[in-house]
Amino acid sequence: MKKRIKLAPSLLEADYRFLDKQLKMMETVGADSVHIDVMDGTFVPNLSMGMKMIQSIRQSTKLEFDVHMMVQEPHRFIKKMAEAGSDVITVHFEACKDLTGTLNSIKKEGKKVGLAIKPETSLDVLTENLLMPIDVVQLMTVEPGLEGQSFIPDSINKISEIQKKLHEIDKSADIEVDGNITMDNIKQVVQAGATIIVAGKAIFSGDMVENIRKMRSLLDTL
């Protein structure tokens with residue numbers, strides 16, 4: 001049976017005035033999860049939503065909450081993020097002094113473990129020991145925390161390399177792509193091996209419902 005490619009609208013681009021309504025509509029028209037960026041102004045130059053916001057919108061939808069922590073030393077907040085309603089907690093390789101301990105703390109909370117890497121980070125860091133406890137490998141296809149960037153073309157090769165690494169160690173994990181994913185490049189990233197598609201402006205610019213339907217329809221044909 002073909003694995004369903006997950007579509008995860010990024011709330012960073014949502015209209016917060018209508019967030020409850022938008023979340024309910026996403027669930028109805030084909031989204032699989034909600035991508036929630038948490039930024040601390042230190043690891044990345046911007047700030048975004050935190051635990052209070054996540055907790056307040058949790059009751060709006062049954063969609064999986066995929067929380068991307070662009071936060072320095074995120075271990076400080078793992079328990080609170082879990083309690084707020086996160087289903088997947090993703091931390092950055094570059095942000096953790098004790099990466100193994102941080103990943104273990106996510107697993108201890110009973111949540112899916114995600115690991116994100118920046119574009120300039122070598123894939124050599126993804127050793128077998130590091131990959132084995134991970135449920136999601138998130139490849140940033142733009143620099144994290146900055147708007148208005150173009151998709152980095154070399155990301156396609158990196159997705160294939162990550163897929164190869166997982167195959168070599170017989171590890172089942174999702175490969176998530178995050179950063180200016182559009183209708184123009186979505187086919188390439190899926191064919192390279194991506195299984196979770198994060199999309200922001202491509203979904204929220206214009207008619208959100210129609211954009212999700214178009215993207216979902218395309219994904220179902222790949």
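A residue counts as buried when its relative accessible area is under 20%. In this predicted model, E73 has a relative accessible area of 15%, so E73 is buried. E73 sits in the loop between β3 (64–70) and α3 (78–84). Its phi is positive, near 50°, although E73 is not a glycine. Most residues other than glycine have a negative phi.

A positive phi also occurs at N180, again a residue other than glycine, with a value near 55°. N180 belongs to the loop between β7 and α7. Its relative accessible area is 37%, so N180 is partly exposed. D170, just after α6, likewise takes a positive phi, of about 55°.

Helix α6 comprises 14 residues, 155–168. At 1.5 Å a residue, the helix should span 20 Å. The C-alpha atoms at its ends are 20 Å apart, so the expected span and the model agree.

The burial pattern of α6 was examined next. S155, I156, K158, I159, I162 and L166 are the buried residues of the helix. These residues cover an arc of only 165° around the axis, and therefore lie on the same side of α6. K164, H167 and E168 are exposed on the other side. The cover over the buried residues includes two helices, α5 (128–131) and α7 (186–192). It also includes the strands β6 (136–140) and β7 (174–178). Both β7 and α7 also flank the loop that holds N180.

Conventions. Residues numbered from 1 in each chain as written. Predicted model: local features only at pLDDT ≥ 70, side-chain atom pairs only at ≥ 80, totals over all residues. Heavy atoms only, no water. Helix = DSSP H or I, 4+ residues; strand = E, 2+ residues; numbered from the N terminus. Expected span 1.5 Å × (residues − 1). Buried < 20%, exposed > 50% of the residue type's maximum accessible area, 1.4 Å probe, protein only. Arc of directions from axis to C-beta. Contact = heavy atoms within 4.5 Å.
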